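Please follow the account below with the model open alongside it. The discussion moves from the chain as a whole to individual helices, and then to the contacts between charged side chains.

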Amino acid sequence: RAFAAGMEEARRRRPTAAVADCLALEEDLRLWTYAVPEAGPALLMGLIACGILGAAAPWRPHVFVRAPEGSGKSTLNRLISAACGAEEPSTDTSEAGLRRLADGRSGLLPLDEKEANARGVAAVVDLMRGASDGRGAVVIRAAGEGGGADVFRVVGCFLLTAITQPKLTAADVSRITLVELRPLERDRSKQAAEATARAAALFPALVKRLLLGWDRWQANWRAARAAVLAQEATSRSADQLGALIAG
């Protein structure tokens, strides 16, 4: 009911992002240098779409951007967060901190691990797994000396940017798509800041485009999922790539 109400509100009051607006956003993503230039910006555009859809999507994909120093990974995270209407990327990589931050919220969950180690990122991988589908990750913890329990629910798409990749199981790999950056040849901080401001301004119009295109996203997800399965992928890999392609 809330989703339907949001669609009606979008139809009446919000501007709609045009194809040209989306192409301009994808072009801004090309300010960064990708290991696979053709795939990187397209996958991140798919993540932006899924990040805006949030819990409405039957599958919420996650993306890990692995990047060396000097690649602009933190600024890329901020641009994607702005396009999704999310807050500044969190640098709290503890599982406890993250589940409190994300409890009861839906959408993109940006996380920027600034240190050159993966211990903090690895601590939230289990939380990410649960957030991918269904009701999301439900975590129950003792409420302290007074007794009782605190219940946390985390639903959404994670964007992780870090230097070092955490150790991942086969189940993790099927839920997290890897995008790799290369070092920037020149400083592009000014262009990145301008692109981030444009992304933030475009967010309301992107919301409307996605709400009005909800039926198309679902049809494309089913079609893309079938195409990935035809390549002998696992069901989970098909969910993951299908969602990004549909986005």
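Of the 247 residues in the protein chain, 46% count as buried. The coordinates belong to a predicted model, and every value quoted here is computed from it. The chain comprises eleven helices and seven strands. Where contacts link residues at least 6 apart in sequence, 77% of them join residues at least 24 apart.

Helix α2, which spans residues 19-29, is a suitable place to begin. Its buried residues are Cys22, Leu25, Glu26, Asp28 and Leu29. Viewed down the axis of α2, these buried residues fall within an arc of 155°, and they therefore line one face of the helix. Ala20 and Leu23, on the other side of α2, are exposed. What covers the buried residues of this helix? The cover includes the strand β1 (33-34) together with the helices α3 (40-53), α4 (73-83) and α9 (189-212). Two of these covering helices, α4 and α9, return below in connection with charged side chains.

The next helix to consider is α10, residues 214-229. It has 16 residues and reaches 22 Å from its first C-alpha to its last, close to the 22 Å expected at 1.5 Å a residue. The buried residues of α10 are Trp214, Trp217, Trp221, Ala224, Arg225 and Val228. They cover an arc of only 105° around the axis, which puts them on the same side of α10. The face turned away from this buried side carries the exposed residues Asp215 and Arg222.

The tryptophans of α10 deserve closer attention. How many aromatic pairs does a search of the whole structure find? The search finds two. In one of them, the ring centres of tryptophan 214 and tryptophan 217 are 5.7 Å apart and the ring planes lie at 5°, so the pair is stacked. Tryptophan 217 also forms a stacked aromatic pair with tryptophan 221, at 5.9 Å centre to centre and with 15° between the planes. The sequence spacing can be set beside this geometry. Tryptophan 214 and tryptophan 217 are three residues apart in α10, about one turn of the helix. Tryptophan 217 and tryptophan 221 are four residues apart in α10, again about one turn. Trp214, Trp217 and Trp221 together form one aromatic cluster. Are these rings buried or exposed? Both tryptophan 214 and tryptophan 217 are buried. Tryptophan 217 counts as buried because its relative accessibility is 4%, under the 20% limit. Tryptophan 221, at 14% relative accessibility, likewise counts as buried.

Attention now turns to charged groups. Side chains of opposite charge can pair when their charged atoms come close. The count of salt bridges in the model comes to ten. One of them returns the reader to α2, where the side chains of arginine 30 and glutamate 26 meet with an N to O distance of 3.2 Å. Glutamate 26 is buried, with a relative accessible area of 18%, whereas arginine 30, at 35% relative accessibility, counts as partly exposed. Arginine 30 also forms a salt bridge with glutamate 27, the closest N and O atoms being 3.8 Å apart.

In helix α9, glutamate 194 and lysine 190 are four residues apart, about one turn of the helix. These two residues form a salt bridge whose closest N and O atoms are 2.7 Å apart. Lysine 190 is exposed, with a relative accessible area of 57%, while glutamate 194 counts as partly exposed at 37% relative accessibility.

A network of salt bridges links Asp133, Arg225, Arg236 and Asp239. Arg225 is also among the buried residues of α10, so the network includes a residue from the buried side of that helix.

A final charged residue is lysine 73, which lies in helix α4. At 9% relative accessibility, lysine 73 counts as buried. Its side chain makes a polar contact with the side chain of aspartate 112, at 3.2 Å. Helix α4 is in addition one of the elements that cover the buried residues of α2.

Key: Residues numbered from 1 in each chain as written. Predicted model: local features only at pLDDT ≥ 70, side-chain atom pairs only at ≥ 80, totals over all residues. Heavy atoms only, no water. Buried < 20%, exposed > 50% of the residue type's maximum accessible area, 1.4 Å probe, protein only. Helix = DSSP H or I, 4+ residues; strand = E, 2+ residues; numbered from the N terminus. Arc of directions from axis to C-beta. Contact = heavy atoms within 4.5 Å. Phe/Tyr/Trp six-rings, centres within 6.5 Å; stacked < 30°, edge-to-face > 60°. Expected span 1.5 Å × (residues − 1). Polar contact = N/O pair within 3.5 Å; in protein donor to acceptor, adjacent residues only side chain to side chain. Salt bridge = Lys/Arg side-chain N within 4 Å of Asp/Glu carboxyl O.
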